[in-house]
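This report concerns cysteines, salt bridges and strand pairing in a single structure. Please consult the sequence and coordinates shown below.

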Amino acid sequence: MRLSRQRRMVLDLLWAERSHLSARDIFEKLNDLGRNIGHTSVYQNLEALQSAGVIECIDRASGRLYGYRADPHSHLTCVESGSITDLDVELPDDLLRQIEAATGFAIESYTLHLSGRRRP
């Protein structure tokens with residue numbers, strides 16, 4: 001994959017923000033920083049980066065969010081704010097074996113999606 005100037009701008013922003021952003025958020029943040037990039041270019045570059053496995057894409061009811069990580073990891077979503085936190089979780093081997101026994105599948109990889117709210 002060729003790393004064009006626009007792709008680099010999108011990647012640099014995602015790495016700097018270290019959060020999950022919509023294409024609109026990315027467009028607005030880049031233009032606020034004085035980087036002239038159009039809506040279409042943002043969408044095309046996000047799709048290319050996601051297809052190449054460089055970034056992640058999370059489909060939500062409110063639209064897609066893009067994140068700076070492409071490695072297997074889990075997410076914790078705040079039910080009040082909708083913010084997403086990346087988690088590196090390793091399930092115990094005995095739990096994985098229990099799941100395999102109950103389902104008849106050999107688990108090769110997994111991600112968890114947890115939802116909750118901050119404690120007062």
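In this predicted model, the number of disulfides is 0. C57 has a relative accessible area of 21% and is therefore partly exposed, the range for burial being under 20%. C78, at 15%, falls under that limit and so counts as buried.

Salt bridges number 8 in the structure. Among them are the following pairs, given with the distance between nitrogen and oxygen.

| Salt bridge | N to O distance |
|---|---|
| K29 and E17 | 3.6 Å |
| E47 and R64 | 2.7 Å |
| E80 and R117 | 2.9 Å |

The bridge between K29 and E17 connects helix 2 (residues 23–32) with helix 1 (residues 5–17), its partners lying 12 residues apart. K29 is partly exposed at 31% relative accessibility, and E17 is partly exposed at 33%.

E47 belongs to helix 3 (residues 39–51) and R64 to strand 2 (residues 63–67), so their contact ties together parts 17 residues apart in sequence. Relative accessible areas of 30% for E47 and 38% for R64 place E47 and R64 in the partly exposed class. A network of salt bridges links E47, D59 and R64.

E80, in the loop between strand 3 and strand 4, is joined to R117, in the segment after strand 5, across 37 residues. Both E80 and R117 are exposed.

Strands 3, 4 and 5 form an open sheet of 3 strands in the order 4-3-5, with mixed pairing. Its edges are strand 4 (84–87) and strand 5 (113–116), each paired on one side only. Neighbouring strands are turned by 25° against each other on average, direction ignored. Strand 3 (residues 74–78) pairs with strand 4 in the antiparallel sense over 4 bridges; S74 has L87 in strand 4 as its bridge partner.

Technical notes
Residues numbered from 1 in each chain as written. Predicted model: local features only at pLDDT ≥ 70, side-chain atom pairs only at ≥ 80, totals over all residues. Heavy atoms only, no water. Pairing = 2+ DSSP bridges. Helix = DSSP H or I, 4+ residues; strand = E, 2+ residues; numbered from the N terminus. Axes fitted to C-alpha atoms, helices over the stretch in contact; angles between N-to-C directions. Disulfide = S-S within 2.5 Å. Buried < 20%, exposed > 50% of the residue type's maximum accessible area, 1.4 Å probe, protein only. Salt bridge = Lys/Arg side-chain N within 4 Å of Asp/Glu carboxyl O.
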